[in-house]
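Reader: Please take me through one part of this model in detail. I want the sheet and the helices packed on it, with the cut-offs stated.

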Amino acid sequence: MNKDNVVFKLIEQEQERQESGIELIASENFVSKQVMEAAGSVLTNKYAEGLPGKRYYGGCEIVDEVETIAIERAKKLFGAEWANVQPHAGAQANSAVFLALLKPGDKILGFDLSHGGHLTHGSAVNSSGKLYSPHFYGVSKETGLIDYKKLEEVALTEKPKLIICGASAYSREWDYKFIREVADKVGALVLADISHPAGLIAKGLLDNPLPHCHVVTTTTHKTLRGPRGGMIMLGKDFENPFGLKTPKGETRMMSSLLDMAVFPGTQGGPLEHIIAAKAVAFGEALSDEYGEYALQVKKNAAAMAKALTERDYQIISGGTDNHLMLIDLRNKNITGKVAEAALQQAHITVNKNMVPFDDKSPFITSGIRVGTAAITTRGLKEEHMVKIVEFIDSVITDANNSSKLESIRNEVKSMMSDFPLYK
Ligand code: PLP
């Protein structure tokens, strides 16, 4: 077979793009070579429906070992009693949890998408908002912090079956204990989706929801720095409190309901090559070296927030406890859309993002979201954050000046050439 030069040329170009720019998309990271090697391995050839030791296909003895290692490392990393590492992505992990714990039409209570929540937590355009009856809490207009009082009020009025916490664009710590107390008052289960801060939680740099929340989901590719994928965990495997039944009418433990909701509920064969890459990434994340990385991610985010604030950028909630921040650009008279495009020209990648109480549409937006997980993997430190903010500010204050954007792009390229990625 001839090598597909068309596709491989594009892959080369994408590598060049990643290496030469400043990657500030909060949900992205750069995996290690060994994680990539596992993801591109012969394990992609293997069908393995079922779970380790209980497969519907022959020849699974080796992938059984791989998947068991991934599960054991995930449990150790987060202090979980049980884990399923098969969800193809974060969205699939969440839909499997919903399938396991809810009946169509059941009420759910999630963090409003326009305040920083995720599509899969009840948005009208996602199956979570179509199959279930969504209600929302948000942040306070004054502080930008989660309005826990409102959360409790809505929970007491609506009595949801599931309360979801976790976000895509919220820079502060969560009060999982309080949310669980509210849930217990109304007989709800709690799902914490830690997709974004998972790596920081694993290293004890943020609170762990597992002691408080019934179920925890995460992606594996953001701060956790693994391959694209998802997983589900339980801090304690308990009998399902609603007496939910399997399609065959049996009452099962939560772990069993969740396993069945992943396969055959929402997925077919697991991606064993990605599960191998997850195992490798979890192994890396268990190391002290990764602990230093996670701490630097947090320090870099704090340094970036400080430098932005000093230049009069409005960060929602006034700062960050994790790896990301949401910047309201309204005082800078530029939309998120225009800022994103101008920064792109300077090889600084961010995403436009709605800010709480935004008056602009999701396609325009009043803000941008930035994060430090990827640039920290490149080796950047606090002093570089100050420089990056200088670049961002120069772009935003002169977004239509293409020669200036080009000269910033050259500076960006030169700075990043000191931090090689895969070469
Ligand atoms: N949950 C949260 C909080 C997220 O931020 C994301 C992705 O950005 C997801 C779920 C979905 O993950 P995926 O894109 O892997 O489906």
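Author: Helix 12 (residues 336-345) lies across strand 14 and strand 15. Helix 12 runs at about 170° to strand 14. Helices (H or I, at least four residues) and strands (E, at least two) are DSSP runs, numbered from the N terminus. Axes are lines fitted to C-alpha atoms, for helices over the stretch in contact, and angles run from 0 to 180 degrees between N-to-C directions. Contact means C-beta atoms, placed from the backbone, within 7 Å.

This is a predicted model: local features need pLDDT of at least 70, side-chain atom pairs count only at pLDDT 80 or more, and totals for chains, interfaces and linings use all residues. Residues are numbered from 1 along each chain as its sequence is written.

Now the sheet. The sheet is open, with four strands in the order 11-12-15-14. The pairing is antiparallel. Strand 11 (314-315) and strand 14 (351-353) are at the edges, each with a single partner strand, so one side of each has no neighbour in the sheet. Two strands pair if DSSP finds at least two bridges between them.

Strand 12 (residues 324-328) pairs with strand 15 (residues 367-371) over five bridges, in the antiparallel sense. Aspartate 328 stands opposite glycine 367 in strand 15.

Helix 11 (residues 288-310) also packs here. Helix 11 lies across strand 11, strand 12 and strand 15. Helix 11 runs at about 15° to strand 12.

For context, the chain has 15 helices and 15 strands.

Note on methods
Two residues are in contact if their C-beta atoms, placed from the backbone, lie within 7 Å.
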